[in-house]
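Student: I have a model open and a list of terms I keep meeting. Could we go through what earns each label?

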Amino acid sequence: MANNADETVRHTRPEDENLGIGANLAYGLQHVLTMYGGIVAVPLILGQAAGLSSSDVGLLITASLFAGGLATILQTIGLPFFGSRLPLVQGVSFSGVATMIAISGSGGIESVLGAVMAASLIGLLITPVFSRITRFFPPLVTGIVITTIGLTLMPVAARWAMGGNSAAPDFGSPANIQLAATTLVIVLLLSKLGSASISRLSILIALFIGTVIAYFAGMTDFTKVAEGPLFSLPTVFHFGYPTFEIAAVVSMFIVIMVTLVETSADILAVGEIIETKVDSRRLGDGLRADMLSSLIAPVFGSFTQSAFAQNVGLVAVTGVKSRYVVATGGMFLVALGLLPVMGRVVAAVPSAVLGGAGIVLFGTVAASGIRTLSKVDYNNNMNLVIVATSIGFGMIPIASPGFYEHFPAWVATIFHSGISSAALMAISLNLIFNHLTVGNSDQQSVFVAGTERTLRYQDIARLHDGDYFLNGKLYDAKGIEVPVIASEAH
């Protein structure tokens, strides 16, 4: 019996560790604070664009919190055939904002909800295809995607540090940036402490201290916390029954395809970070949970659900791999959806405070990707070119957000995300150069040759049998030093 118990412990997956109620609550809240700004941004932007009243916009936000919580619990705890059982926080996907705004302009919010439901159903049906592509995601591809996730999130951290709202008069003010810098310094100091528990909670503690500092500096306002109801059940089809328009569904399906690519990348990325196995079945279960959540979310007034990349960064920076921690965060989200007052409290955390913490979080994601890329073999292959091209391609929409504005809408939908751009390019180039070997040259690319130590044939031909190097000098077989002269300048 003892041997069986030892075998059970030895084969326990890192994500299955249960840290206890106290740790789950603390670390779970940390996850919620990290992603709160992102999950409320989509309903806020879409509600305003659709011309909804402030109360209806508030309902969109609480519905998104509620749906995100349910999706997170499904993804982490799982049901048969649904849920990757990995520490992934789910929430409203930002990739469909532009498409949903366009749909709402012609068909209203009902058309948006219908398009999300129909496209998610199609996505659910095609997940078996996506679940069989894990062999096309070696460390080369996952490293590129993880690095790109971190780099593409850095502008988010910068906007948060500047105040979050570009229309605000204090956006980019020294006060906001100083507050972000103070929060960053607090994170670093807490991370340096010898206590593992404090170090793991450094983000949460820094957010709390930063908010307190902001309160006494008059940079945050808690007066709105008491406004509105304390408890509210989500209303089913509050905005009316969904309508289904073919053009809207087709447009939304493109978004769903992008979401599937991004979620696949996030699932594989978090698997790499916590060092657990992600096979095709597990990937498929995760994608099905994504699509089922997206299919159900419109019932409550929310939209497409996907994994949040910033929380992948939180897993990397804290080292807390437990899925039960993230499931607790999902319970917090459900509570926020039922208790609007809690949402108002979390909303009072200044964006600048989030920005200071975000620099560490998102930078850690990029660093994790670089660590993965260090495992890749770059000798006598095109892997360096694949890394360079894919990351460069992923940076285009980040460096120049308007790059695709004159392209067809479907092109902009797919490639406006740096993550999906880099993922698609990395997958394609890996297939072309490492799987479809027909047509590959046996001669190295000039880019590859330039990165490796090479010798010219004529130099080797001048060596004699028995020649050897010792302490940087060349000797012949008799031990006589052979003079080495510098080549003439050209």
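**Why the labels apply**

Tutor: Gladly, and let us start with a bend: α14 bends by about 35° at Gly358. A bend at a residue is the angle between axes fitted to the seven residues ending there and the seven starting there. Before going on, note that this is a predicted model, where local features need pLDDT of at least 70, side-chain atom pairs count only at pLDDT 80 or more, and totals for chains, interfaces and linings use all residues. Residues are numbered from 1 along each chain as its sequence is written, and side-chain values use heavy atoms, with hydrogens and water left out.

Student: How do you know that the span of α14 agrees with its 23 residues?

Tutor: The expected span is 1.5 Å times one less than the number of residues. For α14 (residues 351–373) that gives 33 Å, and the end C-alpha atoms are 32 Å apart, so the two agree. The helix itself is a DSSP run (H or I, at least four residues; strands are E, at least two), numbered from the N terminus. The protein chain has 19 helices and 5 strands.

Student: What makes α14 largely enclosed by the rest of the structure?

Tutor: Buried means under 20% relative accessible area, exposed over 50%, and partly exposed in between (1.4 Å probe, protein chains only). In α14, 17 of the 23 residues are buried, so the helix is largely enclosed. Across the 490 residues of the protein chain, 48% count as buried.

Student: Is Ser202 buried or exposed?

Tutor: Its relative accessible area is 4%, so Ser202 is buried. Ser202 belongs to helix α8 (residues 202–216). Leaving aside neighbours within four places in sequence, Ser202 is in contact (heavy atoms within 4.5 Å) with Gln30, Val187, Leu190 and Ser191.

Student: Why is Ser191 called partly exposed?

Tutor: The relative accessibility of Ser191 is 34%, so it counts as partly exposed. Ser191 is in helix α6 (residues 174–192). Its contacts, not counting residues up to four places away in sequence, are Ser199 and Ser202. Ser191 and Thr318 are 127 residues apart along the chain, with C-alpha atoms separated by 9.2 Å.

Student: How do you know that the span of α5 agrees with its 24 residues?

Tutor: For α5 (residues 139–162), 34 Å is expected and the end C-alpha atoms are 35 Å apart, so the span agrees. There is a bend here too, about 25° at Met154, and Pro155 follows within four residues. After α5 comes Gly163, whose phi is positive, near 130°.

Student: And Pro138, what makes it partly exposed?

Tutor: Pro138 has a relative accessible area of 25%, so the partly exposed label fits. Pro138 lies in the loop between α4 (97–130) and α5.

Student: What makes a group of residues a nonpolar core?

Tutor: The members are buried Ala, Val, Leu, Ile, Met, Phe, Trp, Tyr and Cys residues joined through side-chain atoms within 4.5 Å. The largest core here has 99 residues, and those with the most contacts inside it are Leu65, Met100, Val112, Ile144, Met252 and Phe303. Helix α9 (residues 246–274) gives the largest share of this core, 13 residues. A second, separate core of 6 residues includes Phe393, Tyr404, Val411 and Phe415.
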